[in-house]
Amino acid sequence: MKKFIFPLALLTLLAGCSGNGTWGWYVIDPTTKSGWTNIQFLISGMWSTILISVIAAAISIVLGLVVALPGQSAKRGWRIVNRIYVEFIRSIPLLPMLFWVFYGLPIIFKSMGLDIPIDPFWGAIITLAISDSAFTAEIYRSGIQSIAKGQKEAAQTIGLNYAQTMRYVILPQAIRCILPPLANQFIYIVKMSAFASVIGMQELTRRANELVVTEYRPLELYSFLILEYLILVLIISAGVRWLERKMGSDERM
Amino acid sequence: MTTTAIELVDVNKWFGDFHVLKDINLTVQTGEKVVICGPSGSGKSTVVRCVNRLEEHQKGTIRLDGRELTNDPRSIASIQGEVGMVFQQFNLFPHLSVLDNLTLGPTKARGLTRTEAETRAREYLERVRIPDQADKMPGQLSGGQQQRVAIARSLCMEPKVLLFDEPTSALDPEMISEVLDVMVELAQDGMTMVVVTHEMGFARKVADKMVFMDEGEIVEQSPPEQFFANPETERCRKFLSQILQH
């Protein structure tokens, strides 16, 4: 609860200097009926933001591993596949990729005779997941490389194959240093999910935008929007720190 | 009748332009103990690492039990279960308990049940004289104990050959003998062993054959009596005088 007190105090302070008409907090004043309705409308985007972010992050975590593993291969061809994917995806800005997936991909599907509609929800998830997977892959790479070569060799000499070596020896050790940067990426996804608003996804940013159009109060509404993201990210951070403690990422091996 | 456990014929290997192994010819009979020594960088570790396929040789033939080492992944996997390896840096899995370090290979690669693997693991821990450390994590053990766990881990795979790559070089002096004692016992039990080491006392005690390497070549191979009393080459004489003078 302590975390909420500071922003709320700040809000009250800003409300105090609204005398000259700069601020018009009435637009989200919970004591009035219209203000309360507006707050409810704004917060109702939270669920979509969370859902998009969580699904995109989950896909990115799996996809990132699938991309990272060929990068560790002894075969040059596999490493090149990994490099091309990472460099290519990493260089595409999120917004153009979102447009491409949402407006372009359905055309490709149609030309292939597939009837797969892409709605804003899945368009946003696919874009965020693919865009993020290049970074996730690099996180896995550094984590796997942080494990000494001797571990892999020892696993080989007791007859473990590649998959078993990864599963029982390398990844359980790598996860400790993978987790913190992975959590960072999740926060990044939550923030980047705001882009989904431009393809019509009804999430936090879209809700704020829509209300600004009808209420003409951008300063207050966008302030409130920033506060919503702040609270969301603080909650995630607390969760991540709890998880790190539980898995021992915060201590040395 | 003796059978050949390991056979290297004209084995050559390069790291880039660097010719690490030059025409290596070496035969190890079943039950034989071979000690390889030589100055650092002479290629002795590379020889044992080629035998269990941690490194790939580029020319020549390596046979284990008469089967040639090829690049077929299945052949590599079957070899790596049959040839045990003890590393200088122990390479225990730090996130697993001692017992889990020992049961991982037998359960995952050999398909033993958990109970079978545990019984076997405790048996070998007994043999390396640390039966009471089964539930500890590797980090809680001394270097000597860790290396003995590593030996037990190899033994749990019931290998036909056991390779040692400078097993005592990373140990504090007072822990060297506890590891060597275990190795001597293994040797007496008839295990086929190839040991890269500078522990000449150990070599005198167990070796059937001494191999001296320098600059990627096998300079000398002979029985230990002859090797220590009467080395054939100047290089070998010089090496021995350097490591034996203290």
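The following exchange concerns strand 9 of chain B and the contact of chain B with chain A in a predicted model.

Reader: Why is strand 9 of chain B called largely enclosed?

Author: Buried means under 20% relative accessible area. Six of the six residues of strand 9 (residues 209–214) of chain B are buried, so the strand is largely enclosed by the rest of the structure. B:K209, B:V211 and B:M213 point one way, B:M210, B:F212 and B:D214 the other way, and all are buried.

Reader: What makes strand 9 and strand 10 of chain B a pair?

Author: Pairing requires at least two bridges. Strand 9 and strand 10 (residues 217–222) of chain B have five, in the antiparallel sense, so the definition is satisfied. B:M210 stands opposite B:S222 of strand 10. In the hairpin of these strands, with two residues between them, B:E215 takes a positive phi near 50 degrees.

Reader: How do you know that strand 3 of chain B also pairs with strand 9 of chain B?

Author: Against the requirement of at least two bridges, strand 3 (residues 33–37) of chain B and strand 9 of chain B share four, in the parallel sense. The bridge partner of B:V34 in strand 9 is B:K209.

Reader: Why is the link of A:E153 with B:R49 called a salt bridge?

Author: The closest N and O atoms of A:E153 and B:R49 are 2.6 Å apart, and the cut-off is within 4 Å, so the pair qualifies. The count between chain B and chain A is one salt bridge.

Reader: What is the extent of the contact between chain B and chain A?

Author: The contact takes 20 residues from chain B and 17 residues from chain A. The two chains bury about 1600 Å² between them, 63% of it on carbon and sulfur atoms.

Terms used:
Residues are numbered from 1 along each chain as its sequence is written. Chains are lettered from A and ligands numbered from 1 in the order in which they are written. This is a predicted model: local features need pLDDT of at least 70, side-chain atom pairs count only at pLDDT 80 or more; totals for chains, interfaces and linings use all residues. Side-chain values use heavy atoms; hydrogens and water are left out. Buried means under 20% relative accessible area, exposed over 50%, partly exposed in between (1.4 Å probe, protein chains only). Contact means heavy atoms within 4.5 Å. Buried area is the accessible area (1.4 Å probe) that two parts lose on being put together, summed over both. A salt bridge is a side-chain nitrogen of Lys or Arg within 4 Å of a carboxyl oxygen of Asp or Glu.
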